[in-house]
Structures are given as C-alpha cells and as structure tokens.
Amino acid sequence: MTTTSLSPAHDGFMLDSLTIGRRIRQLRTERGLTLDELGTAIGRAPSQVSVVENGRRELKLGELQRFASALGVGVQQLMSAEPPSERAALEIALERAQRGPLFASLGLAPLPLRKSLSDDTIRTILSLHRELERVHTERAATPEEARRANTLLRKSMRARHNYFAELEQMAAGLHAAVGHTGGPLSQRVASDLASHLGFTLHYAGDLPGSTRSVTDLRNGRIYVPLGQSPDADPRSVVLQALASHVLGHAEPRDYGEFLQQRVQTNYLAAALLVPEGAAVRILSEAKDARELSVEDLRDAFGVSYETAAHRFTNLATEHLGIPVHFLKVHESGSISKAYENDSVQFPTDALGAVEGQTVCRFWSARRVFDVEDRFSPYHQYTDKPAGTYWCTSRIQPSARGQFSVSVGTAFAHAKWFRGRDTSHRFASTCPDESCCRQPPAGLASRWEGQAHPSARLNSSLHAAMPTSGFTGVDTTEVYEFLERHAPAPTPAPATTR
C-alpha cells in the first residue's frame, strides 16, 4: 500500500495533528503503555512518539495504521474529529491558539500544558484569546465597520438637520474671547485663539505623513505642516487641532467614535471660520432676494467652496427652512462625502452606506466634469425617482484628483436660489442599471467580447486597515517627531551657599 500524507479533509472528517495526537496519548495511557513501549511497537523512538502526541507532526496513512494496530483500535477511531475528552478539547484549543499569529504577536512565551494547569485556567485564557480575536477581526473589517458607522452617523446628522447648537455656542464663545466680531477669520485671529487656549503654533516640514497636525500637550505646542497643499486652508488645520482640544477628544475607542470626533472637529472649525450670526444674516437677505448662493458665503468669509457648502448645509434647514443635500464626488464618479435631509436617494450598498458608491452619470455631480467653463457655477435640474431636484456644482482640484462639490434641494425650494433659471435638465432612473450602468445596445454589440481592460487595483483590497490601527496614525513616528522638536529643558537656577 502506498503511504501518502493525509489531507486536512478525508472521508468527510476535518482532521488535524493535534486531535490525532491527543487521541493516541489517551489510548496509550488507558492501555498502561509508556512512550518507550509504544515506540517499540511501531518501530519509532520514544521522542518521535512524543512529537506525534503533541500534535507537532502530520502522520502518513501507513504510520497511522501502525499506531492503530499497536493500540488495538481501527484507523477510523484515530481519525475521529471529536477530541477524546473535555480536557483534551481544552488543551487542543489552547495549543492551537498558542500556535496562531495572534498569540505570536503578543510576544509571550507559550504556556506549558501541565496537569497542574486547571480546566478553569485554560477556559479563562481561551476567553481572553477569543476577545482579542474579536477585536482584531473587527479592526480588520474596518471598511465594513466604517460603512456601518457612516450610515448611523448620517442618520443622526439628518435627524438634527446637520445643525449642532452646542458647537455653534462654543464657537461664539471663542470668537468673543479673542474679540472677533465678524467677517473673515484671519490667520492672526487663529493664532490668537491658539494663545488664548494656551498653545503656540509651530510649522514643521517633517510632520509624520499619517497626521494633519500634532499637538504637544506637555509643552503647549501645535505643529502644522510647513508646506500646505494648494487646496488646503492653513487656518483649517490649526482650527481643527484647537477644536479637538476644546472638545476634549481622547483616543477613540472604535470607528464610530472616531468618525463622530471628526464630524465635531470639522464642524467647530467651520463654525469658527464662518460665524453663525453673520452667515445667517447674509443667507436670510439672499433668500428674501431669491439669490441664495454658496459662492456668496464662500466670498464673504474667504473660505473654500467645500467649507462654504458644508456650512450652508449646517444653517439652511435650521434657519431658512430649506432641506438640502450635499455631495463630494471624485472624478471617477465615486462618492467621498454625502449628506441629505431632502429625501434625495443616494446610491447605497447592502449596509445602507453611500461612501464609495458610484453616482449616476446624469446627476449634476457627474455632469459638471464635462463642462468647459470651470469658473462659473454649474446648475442643473435632474428628474429622479424621488422627484425633481435642482443642484449647483463646482469642481475642486486636490492632490488626490478632481472632485465635484454639490449642494441641491427639491424642486419646490429651487425658487430661492440663484441659477434656478438654468436650462440644463437631465433624467435619471438609477439605481435601475439600464439608466447608465449598462452600455447602449449598439455599443455593446460592437465591443462585447472584444475588450479586456486592466483594472487599477485598489490598495484597500490588500490592506483592509492601516497596520497601526483604524485611525491610521503611526504612533512611533509621532513620538519620534515630538522628541525631535521638544524644547530643551530650562536649566535649574544655580544655588548659592
């Protein structure tokens, strides 16, 4: 008979060397055989029998038959998937855990499986190991966890019309503390806010790539990048760092808390850049004149179009009674950010998340990429399954490519906006695939089976999460950075005798 290695699955049984080894040990003990005696019976050294019993060597079929014969049982009994006893099951589970990558990552020495190790102790260790596995599995599933967290966060934002009264009050208090009464918030005022909160600002060219800023709480310093990207507002980075401190944010415990902190930080920073009182006056006057425009908010406070669009969604429903939606869409068509309280139907995945989903080709957020005039705002009506919506969109370049930023509302509220007289109008039946996801029949008939594109592989397919945790911040780099930039300690004054 040919001796071949047993496969993990044989005749419907899931086999592993640990279970077989423990069964051999139990049968040997029940029969009163020593390692030497069993080794002699099968023609192997006692040390080799011990290796098998400890599950550290896979048996070939011929060897398995010799063990079965020496122990007076059939081969099928040795191949049973059931551990020979409850104690053996616990030892097998612990041994398997200690051989896994998670245990190895802990840097702990393996725990010897002695008789003095009680069953309860093993159960406790296994419970701790399972909890660690659960946490790591959850983190490894960050894309799914992020989509769930985003979906819940969007629901809570919709419920409050994306308006946070407590953050508006906090921003007003900070404005008053530094004497800012309105208008664009200058970099000098941002620096005054930092001083008021006990911080000095420092620009560094070697900021860790995984960070937007680094706050040194020990020395009262905030480090921001020396060379900002062209699309970045240097005030925003400073204000976001200050906002996080004011809000008392600690290390987030999960992805949901991480996203909540980001929303709060960005909201407070935007409320500092675009004060509520002054912004509402401008918007109310514009509504009365039926001339609402995101551009006017942008120009009045010297902020980016995206910040102005965000701020518009914060205030439009609460103060103007206008439900709206917001979209930031990459030139590839995928959604980067989204918010709605006007019942527009965004494309979603099975979890209800919209981030990463593809926007219909006929929506304003996609059509704007085909417009040659990038200086003027683009306006469009779109007939959608939920009704007709008016939308205004602009292109915003960034280091990650071009994005469209759009603000829209239902047809009934378009009357308040500049650009409502646009002649651009399209129809969308998405999520019906025949709308824009399937090629026209004529085009498909000419090219089906004749094209083989090479896809650009998304790196997230290989790395579901940053290895340093779900926030992506490299803690070692941050500490090394702080060590390099920490001020020299002040020498103690000399004492005289």
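Which residues touch the most other members of the largest nonpolar core?

**Entry 1, ground rules.** I am working with a predicted model, in which local features need pLDDT of at least 70 and side-chain atom pairs count only at pLDDT 80 or more, whereas totals for chains, interfaces and linings use all residues. Residues are numbered from 1 along each chain as its sequence is written, and side-chain values use heavy atoms, with hydrogens and water left out.

**Entry 2, the core.** I looked up the largest nonpolar core, which has 62 residues, and found that Leu-185, Leu-239, Leu-242, Leu-292, Leu-297 and Phe-312 touch the most other members. Such a core is a set of buried Ala, Val, Leu, Ile, Met, Phe, Trp, Tyr and Cys residues joined through side-chain atoms within 4.5 Å, where buried means under 20% relative accessible area, exposed over 50% and partly exposed in between, for a 1.4 Å probe and protein chains only. Helix H13 (residues 255-273) gives the largest share of this core, 10 residues; helices (H or I, at least four residues) and strands (E, at least two) are DSSP runs, numbered from the N terminus. I then followed Phe-312, which, leaving aside neighbours within four places in sequence, is in contact (heavy atoms within 4.5 Å) with Leu-283, Leu-292, Val-294, Leu-297, Val-324, Val-407 and Phe-417.

**Entry 3, the cavity.** I searched for cavities of 30 Å³ or more and noted 1, with a volume of about 40 Å³. A cavity here is a set of points, on a 1 Å grid over the protein atoms alone, where a 1.4 Å probe fits but cannot get out, and lining residues have an atom within 4 Å of a point; grid points are joined across faces, edges and corners, and the volume is the space filled by probe spheres set on the points. The lining consists of His-325, Leu-327, Trp-363, Ser-364, Ala-365, Thr-382, Lys-384, Tyr-389 and Cys-391, and the elements that give two or more residues to this lining are strand E6 (325-330), helix H17 (364-367), strand E8 (378-384) and strand E9 (387-398). I sorted the lining residues into 5 nonpolar, 3 polar and 1 charged, with Ala, Val, Leu, Ile, Met, Phe, Trp, Tyr, Cys and Pro counted as nonpolar, Asp, Glu, Lys and Arg as charged, and the others, Gly among them, as polar.

**Entry 4, Arg-367.** I stayed with helix H17, where Arg-367 lies, and recorded this arginine as partly exposed at a relative accessible area of 25%. Residues up to four places away in sequence aside, Arg-367 touches Arg-361, Phe-362, Tyr-378, Gln-380 and Phe-426.

**Entry 5, cysteines.** Why is there no bond between Cys-360 and Cys-430? The closest cysteine sulfur to that of Cys-360 is in Cys-430, at 3.6 Å, which is too far for a bond, since a disulfide is a pair of cysteine sulfur atoms within 2.5 Å. Cys-435 has its closest cysteine sulfur in Cys-360, at 3.7 Å, again too far, and I count 0 disulfides. Cys-360 is buried at 3%, as is Cys-435 at 15%.

**Entry 6, backbone.** Most residues other than glycine have a negative phi, and most peptide bonds are trans. I noted a cis peptide bond between Cys-430 and Pro-431, with omega about 15°; Pro-431 is in the loop between strand E11 (425-427) and helix H18 (441-447). His-161 has a positive phi near 55° and lies in the loop between helix H9 (142-159) and helix H10 (165-177).

Note on methods:
1 Å grid on protein atoms, 1.4 Å probe; cavity = no way out; pocket = protein on both sides within 12 Å on 5 of 7 lines; lining within 4 Å.
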